[in-house]
Amino acid sequence: MTPSPSHAHDDNDVDSEEKEKGTEIEVDEDALPSRAAAIHEEIRQDGEKELERDGMALLWSAIAAGLSMSASLMAKGIFHVHLEGVPGAFLLENLGYTFGFVIVIMARQQLFTENTVTAVLPIMHKPTGSNFALLLRLWGVVLAGNMIGTALGALAFNHMPIFDDATRQAFTTISEKVMAHTPGEMFANAVISGWIIATMVWMFPYAGGAKIVVIVMMTWLVALGDLAHIVVGSVEVLYLVFAGTLPWQDFLWPFALPTLLGNITGGTLIFALISHAQIRNDMSETAKAKARADQKRKEKQQKRD
């Protein structure tokens with residue numbers, strides 16, 4: 001159902017050409033210049049929905065996502081203990097990294113670098129001040145919620161009588177490996193990680209029943225490459241902070257700030273910008289061709305008249 005022209009503008013409404021015309025975003029592949037354009041428009045449609053969501057709903061979903069991402073550290077730690085000495089242990093242990101992503105994405109929880117990539121496309125489509133404000137609101141709320149959730153998960157792993165000493169030691173070993181990198185390495189790793197997560201998001205519209213395979217495949221690659229992700233890494237680093245082996249300031253630097261900037265650069269500024277640029281060119285050429293065809297039809301009609 002399309003909105004009427006008299007419909008009151010909500011503060012969270014995204015500025016777009018479709019809303020001005022009272023129409024919906026076209027996602028039918030047959031009506032667009034390419035399959036890539038159809039994927040782009042479907043992701044842009046999802047991005048508008050994310051930008052317009054209620055702030056408290058976003059926050060609670062983001063907190064849930066932060067807690068769910070703790071499953072990655074838990075699975076890796078348990079695998080680390082029980083796969084010691086087993087051939088291929090490195091590959092199987094890093095498969096545990098995918099668990100948190102599977103839970104979060106399949107449950108449609110708000111994860112920074114996943115949902116926040118889709119929200120960039122409406123801004124690239126129409127970069128108005130109100131759209132930028134909605135994007136910053138989404139980023140801020142989701143990131144804050146994810147950090148709260150990861151902190152709660154790390155705190156629980158430290159102080160609740162859940163795991164044995166061997167597993168706790170595995171958590172420490174895994175987390176210390178994250179902090180072995182310099183700030184420059186954190187940033188570079190996070191750029192690649194952000195790119196891979198953005199690629200994963202781009203694959204979803206046509207993944208169908210294989211979506212879970214895509215999630216496992218792409219996030220396993222992040223783990224195998226020892227790449228940095230702001231949310232998963234926060235669970236690991238905060239585990240050390242709450243254990244008293246790492247000062248709070250070390251969480252912010254060298255980990256959080258370089259990793260956050262790297263994820264945003266790789267996933268948002270590079271991938272989304274390049275993907276958007278190619279589609280805008282497709283859409284622009286199609287619009288020009290349609291305008292030329294319409295003009296020719298008008299000229300023929302005038303000659304008949």
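Select L260 in this predicted model. The residue sits in helix α14, and it counts as buried because its relative accessibility is 16%, where buried means under 20%. Leaving aside residues up to four places away in sequence, L260 touches F112, L143 and I230. Next, add A228 to the selection: L260 and A228 are 32 residues apart in sequence, yet their C-alpha atoms are 9.1 Å apart in space.

**The cis bond in α14**

Remain on helix α14 and move to P254, which also has its place there. The peptide bond leading from W253 to P254 is cis, with omega near 25 degrees. Most peptide bonds are trans, and most residues other than glycine have a negative phi.

**The loop between α6 and α7**

Proceed to the loop between α6 and α7 and select R108, which lies in this loop. R108 is not a glycine, although its phi is positive, at about 60 degrees. With a relative accessible area of 45%, R108 is partly exposed.

Now select T113, which is placed in the loop between α6 and α7. T113 is another residue other than glycine with a positive phi, here near 90 degrees. Is T113 buried or exposed? It counts as buried, at 5% relative accessibility.

**The cavity**

Keep T113 selected and add F112, T116, V117, W139, N263, I264, G267 and T268; together these residues line the largest cavity. The elements that give two or more residues to this lining are α7 (115–118) and α14 (248–304). Helix α14 provides the largest share, four residues. By class, the lining comprises four nonpolar and five polar residues, with no charged residues. The cavity holds about 40 Å³ of space, and the count of cavities of 30 Å³ or more comes to one.

**The nonpolar core**

Which residues have the most contacts inside the largest nonpolar core? Select L51, F101, F112, M200, I230, F251 and F255 to display them; the core as a whole has 68 residues. Its largest share, 10 residues, comes from helix α9 (residues 129–159). In soluble globular proteins, nonpolar side chains tend to be buried together.

Centre the view on M200. Apart from residues up to four places away in sequence, M200 touches I105, E114, V214, I215, M218 and T219.

**Helix α9 and helix α3**

Select T150, which is found in helix α9. At 0% relative accessibility, T150 counts as buried. With residues up to four places away in sequence not counted, T150 touches G66, L67, V231, S234, V235 and L238.

Then display helix α3 (residues 55–68), whose buried residues are L58, S61, A62, I63, A65, G66 and S68. What covers these buried residues includes α2 (35–51), α4 (70–82), α6 (98–106), α9 and α13 (230–243). Helix α3 has 14 residues and reaches 20 Å from its first C-alpha to its last, close to the 20 Å expected at 1.5 Å a residue.

**The whole chain**

Finally, clear the selection and view the entire protein chain, which has 14 helices and zero strands. Of its 305 residues, 49% count as buried. Among contacts between residues at least 6 apart in sequence, 79% join residues at least 24 apart.

Terms used. Residues are numbered from 1 along each chain as its sequence is written. This is a predicted model: local features need pLDDT of at least 70, side-chain atom pairs count only at pLDDT 80 or more; totals for chains, interfaces and linings use all residues. Side-chain values use heavy atoms; hydrogens and water are left out. A nonpolar core is a set of buried Ala, Val, Leu, Ile, Met, Phe, Trp, Tyr and Cys residues joined through side-chain atoms within 4.5 Å. Buried means under 20% relative accessible area, exposed over 50%, partly exposed in between (1.4 Å probe, protein chains only). Contact means heavy atoms within 4.5 Å. On a 1 Å grid over the protein atoms alone, a cavity is a set of points where a 1.4 Å probe fits but cannot get out, and a pocket is an open set with protein on both sides within 12 Å along at least five of seven lines; lining residues have an atom within 4 Å of a point. Grid points are joined across faces, edges and corners, and a volume is the space filled by probe spheres set on the points. Ala, Val, Leu, Ile, Met, Phe, Trp, Tyr, Cys and Pro count as nonpolar, Asp, Glu, Lys and Arg as charged, and the others, Gly among them, as polar. The expected span of a helix is 1.5 Å times one less than its number of residues.
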